[in-house]
Amino acid sequence: MLFFSFFKTLTNQTVTIELKNDIRIRGTLKSVDQYLNIKLDDVDVLDLDKYPHLSSVKNMFIRGSVVRYVVLPRSEVDVGLLEDATRREAANQAGKAR
Amino acid sequence: MFTTAAQLLDLTDKKLVLVLRDGRKLIGVLRSWDQFANLVLQDTVERLYAGNLYADIPRGIFLVRGENVLLLGEIDLDREDELPTTVQRASFQEVFELKQKEEERRKGNDKKRHGKLRGLGFEAEHSGEILF
C-alpha cells in the first residue's frame with residue numbers, strides 16, 4: 001500500500017501520465033484508489049491531433065492497469081522519506097512472513 | 001474518499017467518452033458501475049476514427065467488463081461539438097473501409113517488427129495484451 005499512500009500525498013499536483021498506448025495526458029491529480037486508478041482534472045492531452053476523441057474531455061478516470069508512467073513534480077517528492085518508508089514496509093513484511 | 005466508487009460517483013449520469021483496450025471509443029451516459037470499473041453506459045454511440053475522418057454508429061446500452069477499460073473522460077458539454085479541424089465527419093461505409101485498410105497496414109508492420117525483434121531474442125512489447 002506504500003505507493004497508494006505516496007500518490008495520496010501528491011493530490012492536487014500537476015502530473016503527466018503516459019499510458020501503455022503512448023497517449024500522454026497532463027492534469028491535476030484529483031484522486032487515486034487502491035488499484036492506482038487515477039482521476040485527473042483540467043486535462044491537457046499532449047499531441048491532441050493524434051487523439052481527436054479526447055478533444056472535449058475536461059476530466060478523466062484512468063484505469064491503473066493501463067498506466068505506463070506517472071511523471072511527478074520533482075519538488076514534491078521527498079526521496080529520503082520514500083526510501084525510509086520503503087525499508088519500514090519491507091521490515092514489516094519480513095516480520096509478518098516469520 | 002479514495003476508492004474507485006468515489007472516483008466514479010461524480011461521473012455518474014454524465015456524458016462520457018469511454019476508450020476500450022481494443023481501441024473502440026464509446027460515447028454515452030454512465031448509469032452504473034462497481035469497484036472493478038465494470039460499467040453500464042446508456043444511449044451509447046460508437047465513434048469510429050480513421051485517417052482524418054470519423055463516423056458515429058448508434059449502439060444502445062453497453063455493459064463493459066472493467067478490465068477492458070482504458071480511460072473514461074467526462075465530456076465538456078460546452079465544447080463537445082468543437083472537434084479539431086483535422087477530423088471531418090463522413091459516412092460509416094467510407095470510414096469503415098479506410099479503417100480496415102489502416103488495420104491491415106498496421107498488422108503487417110507489427111508482424112514485421114515482431115519478427116525482427118524475435119530474431120534478436122526480444123519478445124515484442126505488450127505481446128500478451130493488445131492496447132491501442
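**Figure 1. The annotated span of chain A in the predicted model.** In this predicted model, the C-alpha atoms at the two ends of residues 2–76 of chain A lie 16 Å apart. Helix accounts for 11% of this span and strand for 47%. The span is the one to which UniProt, in an unreviewed entry, assigns the feature "domain: Sm". Chain A as a whole contains two helices and five strands, and these follow one another along the sequence in the pattern α-β-β-β-β-β-α. Taken along the principal axes, the C-alpha atoms of chain A fill a box of roughly 55 × 25 × 20 Å. Of the 98 residues of chain A, 28% count as buried. Among the contacts in chain A with a separation of 6 or more, 44% join residues 24 or more positions apart.

**Figure 2. The annotated span of chain B.** An unreviewed UniProt entry carries the annotation "domain: Sm" for residues 3–78 of chain B. The end C-alpha atoms of this span lie 29 Å apart, and its composition is 8% helix and 61% strand. Two helices and six strands are present in chain B, in the order α-β-β-β-β-β-β-α from the N terminus on. The C-alpha trace of chain B spans about 50 × 40 × 25 Å along its principal axes. Chain B has 132 residues, of which 18% are buried. Residues 24 or more positions apart provide 52% of the contacts in chain B with a separation of 6 or more.

**Figure 3. The sheet that runs through both chains.** Eleven strands form an open sheet with mixed pairing. Their order is β5(A)-β1(A)-β2(A)-β3(A)-β4(A)-β5(B)-β1(B)-β2(B)-β3(B)-β4(B)-β6(B). The edges are β5 (67–71) of chain A and β6 (88–89) of chain B; each has a single partner strand, so one side of each is left without a neighbour in the sheet. In general, strands of a sheet pair through backbone hydrogen bonds, in either the parallel or the antiparallel sense.

**Figure 4. The strand pair that joins chain A to chain B.** Strands β4(A) and β5(B) pair in the antiparallel sense over five bridges. Within this pair, A:M60 has B:G73 as its bridge partner, while A:N59 is bridged to B:E74. The contact between the chains takes 25 residues from chain A and 30 residues from chain B. On the side of chain A that touches chain B, β2 and β4 of chain A each supply at least two residues. The largest share of that side, six residues, comes from β4(A). By character, the residues of the side of chain A that touches chain B comprise eleven nonpolar, seven polar and seven charged.

**Figure 5. Strand β1(B) between its two neighbours.** On one side, β1(B) runs antiparallel to β2(B), to which five bridges join it. Here B:V17 stands opposite B:I27 of β2(B). Four residues lie between the strands of this hairpin, and B:G23 takes a positive phi near 95° there. Strand β1(B) also pairs with β5(B), again antiparallel and over five bridges. In that pairing, B:L18 has B:L72 as its bridge partner.

**Figure 6. The largest nonpolar core.** This core has 34 residues, and those with the most contacts inside it are A:M60, A:F61, A:I62, B:L18, B:L39, B:L71 and B:L72. Two or more residues each come from β1 (14–19), β2 (24–32), β3 (38–46) and β4 (57–62) of chain A, and from β1 (15–20), β2 (25–33), β3 (39–50) and β5 (69–75) of chain B. One of the core residues named above, B:L72, touches A:M60, A:F61, B:L11, B:L16 and B:L18, not counting residues up to four places away in sequence.

**Figure 7. Confidence of the prediction.** The model scores ipTM 0.83 and pTM 0.86. Chain B averages a pLDDT of 89, and 92% of the residues score at least 70. Among the elements of chain B, β2(B) has the highest mean pLDDT (96) and helix α1 (residues 4–9) the lowest (86). Where pLDDT is low, the predicted coordinates should not be read in detail.

Technical notes: Residues numbered from 1 in each chain as written. Chains lettered and ligands numbered in written order. Predicted model: local features only at pLDDT ≥ 70, side-chain atom pairs only at ≥ 80, totals over all residues. Core = buried A, V, L, I, M, F, W, Y, C linked by C-beta atoms within 7 Å. Buried ≥ 20, exposed ≤ 12 C-beta atoms within 10 Å, placed from the backbone. Contact = placed C-beta atoms within 7 Å. Nonpolar A, V, L, I, M, F, W, Y, C, P; charged D, E, K, R; others polar. Pairing = 2+ DSSP bridges. pLDDT = per-residue confidence, 0-100. UniProt positions renumbered as here; feature names shortened; annotations may be inferred.
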